[in-house]
Amino acid sequence: MDDQPASPGLTDIHAHPAMNAFLWDRDLRRHYWSGRTFDPLASLSDFKMLEKGGVKVLWSSLHIPEPAFLGCRLIHFAAHFTAGGRKLLKLNAWECLLAMMGKMERQVARAGDRFAMARSNAELDQVLAAGKTAIVHTVEGGHVLGAGLAAGDVDGRLARLDQLAERGVASLTLAHLFPNELAGHAEAIPAAQRTGPICKLDTEVDLSRGLTPIGQAVVERMVQRRMLPDVTHCTPVARHAVYELVDNRIPVIASHTGVQSMNPEPYNLDATDVSAIVAAGGAIGVIFMPHWLDKSDPGKGLEVIWKTMDTVRQWSGGTWEHVCIGTDFDGFTDPPDDCDSEAQLPRIRELLASHGVAPGDAEAVLGGNARRVLRDGWR
């Protein structure tokens, strides 16, 4: 594509090294272990894995597990044994979010010869020009905005959103795994994990829930403050309410998802979702979790990643301008056996080439599209 902006290099628009640093007291300059099976203690997106994979931009997702997780006695017990877990037991989600953000920034500062925070488009350009890997804050889960505030304190929630914008947060995933006050959520915990003998989690999914009045106020403020609305985890009705409210004034993203034609889960996007995101100039990050990408739940994922990307291309009018990588590594996800960490992401370049994708289009998928979305929607 002749008019495609230059790629900044390999970019992942959704991964969770900050959660590993916060919950397990990890030093992200070290690699602990990774694996091809579900392991919440794995280390898939630490700085060594990012360097090995040649990742140049990481949208680092700050997520504070919802209080409902602590309803599991095992999780509640285990939380006492790490500094992050003890914070979850003692502090509210907003206080924990600020602690996680600060810890991530300190981790990046300690690796300052190779990594740097980028809190705006100008800073991102400077970091890349210096030959460093850029870390961009994002937030997953709108429940943090109201934690500890009175139910009717909308201004307080918007003030917190303003604070996130000032700290350089580029996007907010409105919903997550349990009900919150912004938007309805789709099921995103595999049945085997939420109904197991040790922990049974009631996620209280209600697919009729859309965007709430508080959610509408938050999305409107996001447009004003240049923060990208992320509709991943939202119910279909909530996603479409976001598209209608935003009305193409700012790009909308779905940072880590699949498509319903391959796996008909409400969590995944359909063709109408993709059309609306395309109209807004947004992008779709393909999740690296075969469970969501294909209803057969294959162990290997490269081929279903390709099929998902190609489906988004077809639904985008045949263009590659809206496809990104959104791995969700270290987000309590089960990675593909054949692409199981950030270190393996160069395989996506090989995958695209093997299917005949032109080099310019491949670079758009690998990083150019994500860069365009930030230029159009971030401060």
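On a 1 Å grid laid over the protein atoms alone, a pocket is an open set of points with protein on both sides within 12 Å along at least five of seven lines, a cavity is a set where a 1.4 Å probe fits but cannot get out, and lining residues have an atom within 4 Å of a point. Grid points are joined across faces, edges and corners, and a volume is the space filled by probe spheres set on those points. The model is a predicted one, so to speak of a local feature takes a pLDDT of at least 70, side-chain atom pairs count only at pLDDT 80 or more, and totals for chains, interfaces and linings use all residues. Residues are numbered from 1 along each chain as its sequence is written, and side-chain values use heavy atoms, with hydrogens and water left out.

On those terms, the largest pocket comes out at about 960 Å³. Its lining runs to 41 residues, and Phe38, Pro40, Phe69, Ile75 and Phe332 are the ones closest to the centre. Helices and strands here are DSSP runs numbered from the N terminus (H or I over at least four residues for a helix, E over at least two for a strand). Four helices each put at least two residues into this lining: helix 1 (17-24), helix 3 (73-78), helix 4 (83-90) and helix 9 (191-194). Sorted by class, the lining of the largest pocket holds 28 nonpolar, 11 polar and two charged residues. For that count, Ala, Val, Leu, Ile, Met, Phe, Trp, Tyr, Cys and Pro are nonpolar, Asp, Glu, Lys and Arg are charged, and the others, Gly among them, are polar.

The second largest pocket has a volume of about 210 Å³. Fifteen residues line this one, with Phe38, Met289, His291, Asp297 and Asp334 nearest its centre. Phe38 thus turns up among the residues closest to the centre of the largest pocket and again among those nearest the centre of the second largest. Helix 9 and helix 13 (290-293) each give at least two lining residues to the second largest pocket, and helix 9 has the largest share, with three. The classes here are eight nonpolar, three polar and four charged.

Turning to charge pairs, the structure holds 18 salt bridges, each being a side-chain nitrogen of Lys or Arg within 4 Å of a carboxyl oxygen of Asp or Glu. In one of them Glu181 pairs with Arg157, with the closest N and O atoms 2.5 Å apart. That pair ties together distant parts of the chain, 24 residues apart: Glu181 sits in the loop between strand 5 (171-173) and helix 9, and Arg157 in helix 8 (residues 154-166). Relative accessible area is read with a 1.4 Å probe on protein chains only, where buried means under 20%, exposed over 50%, and partly exposed in between. Glu181 is partly exposed at 26%, whereas Arg157 is buried at 3%.

Another salt bridge brings together Glu166 and Arg225, at 2.3 Å from N to O. This pair, too, links distant parts of the chain, with Glu166 in helix 8 and Arg225 in helix 10 (residues 213-225), 59 residues apart. Arg225 is partly exposed, at 25% relative accessibility. Through shared partners, salt bridges join Asp162, Glu166, Arg221, Arg225 and Arg379 into one network. Glu187 and Arg194 form a salt bridge as well, with 3.6 Å between the closest N and O atoms, and Glu187 counts as buried at 16%.

Two of those network residues come up again in the cavities. The structure has two cavities of 30 Å³ or more, and the second largest encloses about 30 Å³. Its lining is made up of Ala165, Val169, Arg225, Arg226, Met227, Trp378 and Arg379, that is, four nonpolar, no polar and three charged residues.

A search for disulfides, meaning cysteine sulfur atoms within 2.5 Å of each other, gives zero across the whole structure. Cys96 has no bond because the closest cysteine sulfur, in Cys72, is 18 Å from its own, too far for one. Cys96 is also buried, at 1% relative accessible area. Cys234 is in no disulfide either, as the nearest cysteine sulfur, that of Cys324, is 18 Å away; Cys234 is buried, at 0%.

Finally, Leu245 lies in helix 11 (residues 236-246) and is partly exposed at 27% relative accessibility. Beyond its neighbours within four places in sequence, Leu245 is in contact (heavy atoms within 4.5 Å) with Leu211, Gln216, Val219 and Glu220.
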